[in-house]
Amino acid sequence: SDWLSPPSVRNMALRELASLEKYLGLRKPNKYSTQGDKKTPVLQNNAAPPLLGLVTIACHLVKEAKRPELLGDSAESRAVVQQWLEYRVTKVDNCSKEDIKIILKDLNLYLQDRVFLAGNCFTVADVLMYYGLHPLIVDLTVQEKEQFTNVSRWFDHIQHHPGVRHHLPPVAVLRNRIYTSRHH
Amino acid sequence: MTKEGVQGATEEQQAQSKKALKKQQKEAEKAARKAEKQAMVASEQQGADEDDFAKDRYGVAAMVQSQQKLDRVLVRVQDLSPEKADQLIWLRARIHTSRAKGKQCFLVLRQQQFNVQALVAVGDRASKQMVKFAANITKESIVDVEAVVRKVEQKIESCSQQDVELHIERIFVISQAEARLPLQLEDAVRPDGEGEEEGRATVNQDTRLDNRVIDLRTTTSQAIFRLQSGVCQLFRDTLTSKGFVEIQTPKIISAASEGGANVFTVSYFKTSAYLAQSPQLYKQMCICADFDKVFCVGPVFRAEDSNTHRHLTEFVGLDIEMAFNYHYHEVIESITDTMVQIFKGLRDNFQTEIQAVNKQFPSEPFKFLEPTLRLEYTEGVAMLREAGVEMGDEDDLSTPNEKLLGRLVKEKYDTDFYVLDKYPLAVRPFYTMPDPNNPKYSNSYDMFMRGEEILSGAQRVHDPELLTQRAVHHQIDLEKIKSYIDSFRFGAPPHGGGGIGLERVCMLYLGLHNVRQTSMFPRDPKRLTP
């Protein structure tokens, strides 16, 4: 199973879930396996049938940690959180090089007047989108990070959110704009 | 057939004959018009032959073969101002544009970057035929014009001389241009992107360079190369006033000064020689020969097969070398002060040219500090790391990192010009003096304009023993550089210097994007003509 392979090639989703567990303060780490070609994470649940998929497991962990506010504190924000969790696994994961720019452009526009994905409160959508976008953001040049300035601001905010970053290296985000003119 | 049917048929017949009649009539009219027109043309021609009272006031002049010395004073277009109002003057200019409108023909006459509106109108000085002749002169032809300067009520926005226009009394073609130009000057000065919106043509760089003679006539090119001439003059004036001596060095040399990878080989009688990739050796020999402070302006050759926006295979090097007393920062200060004098001179005396270029290629004004900002290499690396760049202490700067550092420096210190000092010894040539405090670094520096390198320099090793040691370390064949090392055996003062690329300085000062724009006849791996 996936647990037997060395940590470097271990499924990213499993590392994410381990980090999420730590963030949520769950004492006893769960054991996961993967299923199928896409290595979908699977959580064996003692009392009930096994849970399948990153988003399903993440929501389960949030409930287990008794932090329901992380799934949204109103009907509307719960819907928004689910929408971004869906976006993460359908659009962000395994996106092509051309898609990256489209995703960042759309997200940049969306985050123009928001601190977090669900508005003013931090949710599990921010955590999973941060984990999912990390490999994209880490490759951006300073100029691109400035181009997608709202994404960068949000990303920097989340990576500094206590206990979120864990397995991921920090990404440098400049506070000042350095490409102010149209040229060079 | 029914009654109705018969009636219908006759109606049809009638209609047909009506149509035919109309057709006939039309044809007759047409013929009449044609005849009339022919008669008019004929009479006009007759008129042209017979009663053109202005016959002697226009035409194609005989080829100027220096038959006569005329006393005629040709006024310069830039001097046409309201003070000259109502004077009858002569001038020589090109036809920039012409537009005929009935009995009038408007011309824009251009001389270098200046232009003026001129008018030929039917009246007691010009005939119909003269106006027609003026309207038919091909664009870019050179004409001699006698005209009265007249003040205008409304400024002429499209011309450099906005307050006056010329009322032409005589016009002679001195040199006729071919009717079809390989590129239109208006297309060549259109700012990037502006043409696309209006569906107008722009000229790509290769077309410009293929037809450089015409491209150089644009206001932008005129301004660029006048400014470039200014850079050379300011460089010379500043250094001369600092006690420097201008030297001339050979460009055909027997051995490459920095290993042979990027030099051109030329056949030299029974052996081969190289084209100098810098006057390095000769500058240093002059220092050893007690010239104390020298500079040289001349071609420099690089056989690098790099096709980038900032590489040429031949460019003009502005080289400096000077002996100093105790510290090589004396050299840095001398060079940066020279650069600052150049920037100030351009800012104060070349505003017209800067603005002309800005019209086509907008950029922010060039900023610099006094005294010039000097950063150490380690500080630069620290700034880059803070911005997320991963690099080793002794790695050389990549071009993107160089540009990024320029941005960071601009943001922090608000300057487009700075010096990066104390480069890692490993990335510099063998003749670079090591740093006495940290042998991993060296007494060498680069200077940057808008984040791109324009000068590379260092304190040189003036001790033959250390020089030999460094050459061996770099695995250079000592036999090939024997004469170079021997120059330092008979007393050599401590010295340093650097070399600047003229084209790069102009490009970066003006905020342009391609060094070919500031090279009059650029040479690169793919271009050897014109």
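Visitor: Is D215(B) buried or exposed, and what is its relative accessibility?
Guide: Ground rules: this is a predicted model, where local features need pLDDT of at least 70 and side-chain atom pairs count only at pLDDT 80 or more, while totals for chains, interfaces and linings use all residues. Side-chain values use heavy atoms, leaving out hydrogens and water; residues are numbered from 1 along each chain as its sequence is written, and chains are lettered from A and ligands numbered from 1 in the order in which they are written. The scale goes like this: buried is under 20% relative accessible area, exposed is over 50%, and partly exposed is in between, using a 1.4 Å probe and protein chains only. D215(B) counts as buried, with a relative accessibility of 3%.

Visitor: Which side chain does D215(B) meet in a salt bridge?
Guide: A salt bridge here takes a side-chain nitrogen of Lys or Arg within 4 Å of a carboxyl oxygen of Asp or Glu. The N to O distance in this pair is 3.3 Å, and the partner is buried too, at 14% relative accessible area. That partner is R208(B).

Visitor: How many residues apart in sequence are the parts that K283(B) and D319(B) tie together?
Guide: The two side chains form a salt bridge at 3.0 Å, N to O. K283(B) comes from helix α8 (residues 280-288) of chain B and D319(B) from strand β12 (residues 314-323) of chain B; helices are DSSP runs of H or I with at least four residues, strands are runs of E with at least two, and both are numbered from the N terminus. Both ends are buried, K283(B) at 1% and D319(B) at 6%. The pair therefore ties together parts whose separation in sequence, in residues, is 36.

Visitor: Which residues are linked with K283(B) in a network of salt bridges?
Guide: One of them is the partner we just met, D319(B). The full set linked with K283(B) is D319(B), E321(B) and R460(B).

Visitor: In the salt bridge of R374(B) with D421(B), which residue is buried?
Guide: The N to O distance is 2.8 Å, and the bridge ties strand β13 (residues 373-376) to strand β14 (residues 417-421) of chain B, 47 residues apart in sequence. R374(B) is partly exposed at 34%. At 0% relative accessible area, the buried one is D421(B).

Visitor: Over to chain A: at what angle do α5(A) and α7(A) pack?
Guide: Two packed helices are described by the angle between their axes and the distance between the axes. The axes are lines fitted to C-alpha atoms over the stretch in contact, and angles run from 0 to 180 degrees between N-to-C directions. For helix α5 (residues 124-137) and helix α7 (residues 149-159) of chain A, the axes are 10 Å apart and the angle is about 115°.

Visitor: How many residues in the contact of α5(A) with α7(A) are nonpolar?
Guide: Contact means heavy atoms within 4.5 Å. On the α5(A) side you'll find M129(A), L133(A) and I137(A), among others, meeting residues of α7(A) including W154(A) and F155(A). Ala, Val, Leu, Ile, Met, Phe, Trp, Tyr, Cys and Pro count as nonpolar, Asp, Glu, Lys and Arg as charged, and the others, Gly among them, as polar. The contact has two polar residues, one charged, and a nonpolar count of eight.

Visitor: Which residues of chain B does A172(A) touch?
Guide: A172(A) sits in the segment after α7 of chain A and is partly exposed at 21%. Not counting residues up to four places away in sequence, it touches K145(A), plus three from chain B: E386(B), A387(B) and G388(B).

Visitor: What is omega for the peptide bond that joins E370(B) and P371(B)?
Guide: Most residues other than glycine have a negative phi, and most peptide bonds are trans. P371(B) lies in the loop between α10 (351-360) and β13 of chain B. Its bond with E370(B) is cis, with omega about -5°.

Visitor: And what is the phi of D86(B)?
Guide: D86(B) is in the loop between β1 (58-60) and β2 (88-101) of chain B, and it counts as exposed at 53%. Although D86(B) is not a glycine, its phi is positive, at about 70°.
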